[in-house]
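Me: I'm new to this one and would like to learn how to read it. Could you walk me through it piece by piece?

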Amino acid sequence: MSIKFLHNLVPRNFLGHLLISYLILNCMPVQALDVVYPASTQKIINAQSTFFIGSVKKGASLKINGESVKIWNDSFFVQYVPLLTGLNTFELTETYKGKKKNLIYKISKSKPENSPPVELKFYPKEEGTYLYTKTLNNNSTVREKPSVASKRITELPKGTVLYLEGKKGSWYKLEEQTEREFWIHESNIETPKILNNRIYADVFTPIETSDKLYNYFKIPVTYPVMYELVQEDKNLSLTLYGVKNKNLPDSKIIKYTFEYDRPITGYDVIYEDEKLVLRRGKIADKVNPYRPLYGVRIFIDAGHGGSEKGAVGPSRVCEKDINLLIAKKIIKKLEKEGAIVSYSRIDDKNVPLYDRVNMAKENNAFISLSIHNNALPDGKNPYVTHGIETHYYNENAKELALTIKNNLVKDLNIKDNGIHNSSFVLTRASNPISVLIEAAYMINPSEYILLQTNDFQEKIADSVVKSLKEYMILLKK
């Protein structure tokens, strides 16, 4: 279902919002049995179970392999089914006024394969030479091991100079003077060149400055090198690799440590005018306990949009539309509190993931919230796994993620599904403080019904704004 928002055709007031909600959430009535998932009548699934979600004609009943299925409001159904190894056949029978409609689904559960691990051959560089390259892309990821499943160490900007020790498969090992391993995928670097010597970047005396939004620690360096920025409680450490300094002639690694007596908020590293710049967002020292969001820069991201539907509910309401309705309510309430609000979208359009992150940075947001509603993979039961979750990646966002989750659980009175340390594009930025909210589940029947109501969307927005107020006051203490 693709819905075009009519925000340019209706007034931005309560009646306008009601009209938009009606157009999105009240679609044409279902004329017959409509299965949303599985999307194909023949499928291979590598899991212990799956589920059928969809809708029937109003007033009809449904059976799957002769077992009656509960029909919820708006004539939709959500049915969890276990799978046996091999071919599983499911017959869905809709009955309406004595007439039946049948659909046959053939779902194969494959046998687990115990394949031996692939051994990646190591290709050493030639003795007495060096492999030199530069990163091709912004956000080029360096990992602990040659695998996308391995832990991220850092993300480097385009043009960062790297020296390589060798290669395993499609991964290059970086040559750094440390016992730790650093790996980068070949897609993120230029074709390596062979050099007869290695040049180390010169590092000079840092410069400290500040402005209205940030404190800056600027390190002059002759070319972009690999760096690692780590938060530990109220401390930050910034390590530069492949550098030299006249005051440290024997060291090729330089580490700077910063200790603070206040909670660490937004921070990041950028290259600017031949300097590596550590920026740390300032806490509003004059937070007004009666208007704690006044003047605070907040970025609101309505997840998905355009051709990216997100999760699709049993009656084909799209997550992207629910996300947008909630996000617009949050924006309106934040503006009323005096916050300086920016956003990724206020209509139904595609916005690339990294563009959303860049928008938040370009608007100097102090906090970034991405609004979503959840779904499940095969192997999970929608009646067991559901509720509210929040996601963060960096330590500076953990307290905000916890505050939002706790308030949503209390205010909405639905299941607590916890906070999660998750490496998502929209949580990885350490500046701004970045949290992704999964307010409820699109494929849990009770929550799906609630998500389509204006009252529940308002409660989500109220709870999020309340949480942001509490968080700002917490930072002040």
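Me: Let's start small. How many bridges join strand β4 to β5, and do the two run parallel or antiparallel?

Reply: Before the details, keep in mind that this is a predicted model. In general, strands of a sheet pair through backbone hydrogen bonds, either parallel or antiparallel. Here, β4 (residues 61-64) is joined to β5 by two bridges, and the two run antiparallel. One bridge to look for links I64 with its partner E67 in β5.

Me: Which sheet do those strands belong to, and in what order do its strands lie?

Reply: They sit in an open sheet of five strands, ordered β2-β8-β7-β4-β5, and its pairing is mixed. Look at the two ends of that order: β2 (42-45) and β5 (67-68) are the edge strands, each pairing on one side only.

Me: Okay, let me try another sheet. What is the order of the open sheet with three strands, and how are they paired?

Reply: That one reads β20-β21-β23, with antiparallel pairing. Its edge strands are β20 (227-232) and β23 (253-259), and each of them has a pairing on one side only. From one strand to the next, the twist averages 15 degrees.

Me: How many bridges join β21 to β23?

Reply: Seven of them connect β21 (residues 235-241) with β23, and these strands run antiparallel. To find one yourself, go to Y241: its bridge partner in β23 is I253.

Me: Now helices. At what angle do the axes of α2 and α7 cross?

Reply: The axes of α2 (residues 319-336) and α7 (residues 454-476) cross at roughly 50 degrees and come within 9 Å. That angle makes α2 oblique to α7. As for handedness, the crossing is right-handed.

Me: Which residues make the contact between them?

Reply: From α2, you'll find I322, L325, I326, K329, I330, K333 and L334. Among those that α7 brings are I460, A461, V464, V465 and L468, along with N454 and D462. Sorted by character, the residues of this contact are 10 nonpolar, two polar and four charged.

Me: Let's zoom out. How many helices and strands are there in the protein?

Reply: Seven helices and 31 strands. The C-alpha atoms fill a box of roughly 90 × 60 × 35 Å along the principal axes.

Me: And what share of the residues counts as buried?

Reply: 49% of the 477 residues do, where buried is under 20% relative accessible area. One last number concerns contacts between residues at least 6 apart in sequence: 69% of these join residues at least 24 apart.

Notes: Residues numbered from 1 in each chain as written. Predicted model: local features only at pLDDT ≥ 70, side-chain atom pairs only at ≥ 80, totals over all residues. Heavy atoms only, no water. Axes fitted to C-alpha atoms, helices over the stretch in contact; angles between N-to-C directions. Helix = DSSP H or I, 4+ residues; strand = E, 2+ residues; numbered from the N terminus. Parallel < 35°, antiparallel > 145°, perpendicular 65-115°, else oblique. Left-handed = near helix turned anticlockwise from the far one by under 90°. Contact = heavy atoms within 4.5 Å. Nonpolar A, V, L, I, M, F, W, Y, C, P; charged D, E, K, R; others polar. Pairing = 2+ DSSP bridges. Buried < 20%, exposed > 50% of the residue type's maximum accessible area, 1.4 Å probe, protein only.
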